[in-house]
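Please look over the sequence and the 3D structure below, and then read the briefing that follows.

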Amino acid sequence: MLRNREVQWFFISLLFISLGASVLAGFLYSLSVAWFVLVTSGLLAGCSFFYTRWRYREIEKLSGYLRKISSGDDSLDVRDNQEGELSILKNDIYKVTLMLSEHRSSLEKDKLTLTNALSDISHQLKTPLTSMMVMADLLSDSTLEESKRGEFTQHIRVQLERIEWLVSSLLKLSKIDAGTIAFKKDKVAVRDLLQSAVQSVLIPMDIKEQTLNVRGEESVTFTGDLRWTAEALINILKNAVEHTGEEGIISISFLENPLYTEITIGDNGDGIPKEDLPYIFRRFYKGKNASDDSVGIGLAMAYSIITSQQGDLEVRSKKGNGTVFSIKFYK
């Protein structure tokens with residue numbers, strides 16, 4: 001403390017003022033008054049010294065606290081409910097500490113998410129890439145039959161399309177997770193939404209001779225993004241078509257009330273096992289009834305798109321009795 005030049009000048013100034021006041025009191029009044037002034041000035045200087053030293057100790061504690069924070073220890077509580085600028089400073093430092101702690105936790109969570117995502121991506125890409133490498137080695141054989149060459153070429157094209165879809169889907173999910181997609185808040189007619197979504201599944205439904213039933217009023221609307229919501233519905237409908245057998249039935253109904261607009265997509269397929277239900281919206285999760293080509297990303301994307309628009313997506317299913325997805329967009 002005494003090495004501080006400001007403190008040195010303060011006490012030197014205080015000493016000269018005390019001596020000057022004592023000498024002046026001796027000349028104007030008496031020696032006893034001079035001694036009284038000198039003793040009083042000394043007591044005031046002593047109080048100032050101890051008070052300044054206390055403040056320095058408090059600042060030193062705060063400095064040590066900040067050093068611990070910078071080293072990653074944010075578990076200490078420096079809050080002070082007393083009045084004064086030091087107490088205000090302590091409370092402000094504590095608030096900043098909490099913010100840094102939350103920020104650090106968020107970064108750790110993002111780091112873990114990124115690590116898991118990279119692991120999942122590498123796992124999903126490994127299988128088609130390995131298959132393509134094998135096919136490429138076989139194609140390099142000059143004695144390979146033309147029929148086999150065409151078969152292997154088609155296989156490589158299918159795997160490339162699968163990789164393209166996977167990368168595109170992961171990019172969309174990453175944008176949603178990062179909050180970089182600005183979802184529109186337009187008034188959308190549900191009929192227009194369904195017409196946009198159903199187009200992608202008409203061919204596979206026709207191949208399996210499935211029936212599509214749509215029921216709802218023309219006036220039903222919701223507030224949201226038509227293009228992205230159609231993307232979510234396409235993934236749900238593809239899941240329904242995939243898990244519904246030939247000549248199966250897929251039903252879509254929609255309604256609107258003062259609280260929300262609800263879209264229900266149901267099928268009479270195999271259903272989802274009870275143990276899989278809590279996890280079907282989890283990224284890269286594949287249930288027991290999932291096909292070999294399934295990646296486990298479609299329903300996860302649908303869930304992210306709908307919940308990012310303050311919507312809700314629920315599923316009800318019983319093995320052997322079909323599945324029902326319920327989408328609600330709240331007013």
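**The nonpolar cores**

Leaving aside neighbours within four places in sequence, I327 is in contact (heavy atoms within 4.5 Å) with L233, I236, T261, E262, I263, I306, D312 and L313. This is a predicted model, in which local features need pLDDT of at least 70, side-chain atom pairs count only at pLDDT 80 or more, and totals for chains, interfaces and linings use all residues. Residues are numbered from 1 along each chain as its sequence is written, and side-chain values use heavy atoms, with hydrogens and water left out.

- The largest nonpolar core (a set of buried Ala, Val, Leu, Ile, Met, Phe, Trp, Tyr and Cys residues joined through side-chain atoms within 4.5 Å) has 52 residues, and I236, L237, I263, L313, F325 and I327 have the most contacts inside it.
- Helix α7 (residues 226-242), a helix being a DSSP run of H or I with at least four residues, numbered from the N terminus, gives the most to this core, with nine residues.
- Apart from this core lies another, of six residues, among them L62, Y65, I69 and L86.

**Helix α4**

- The 33 residues of helix α4 (residues 146-178) should span 48 Å at 1.5 Å a residue (1.5 Å times one less than the number of residues), which agrees with the 48 Å between its end C-alpha atoms.
- Buried residues (under 20% relative accessible area, 1.4 Å probe, protein chains only) of α4 include F152, I156, Q159 and I163.
- After α4 comes G179, whose phi is positive, near 75 degrees.

Note on methods
Buried means under 20% relative accessible area, exposed over 50%, partly exposed in between (1.4 Å probe, protein chains only). Helices (H or I, at least four residues) and strands (E, at least two) are DSSP runs, numbered from the N terminus.
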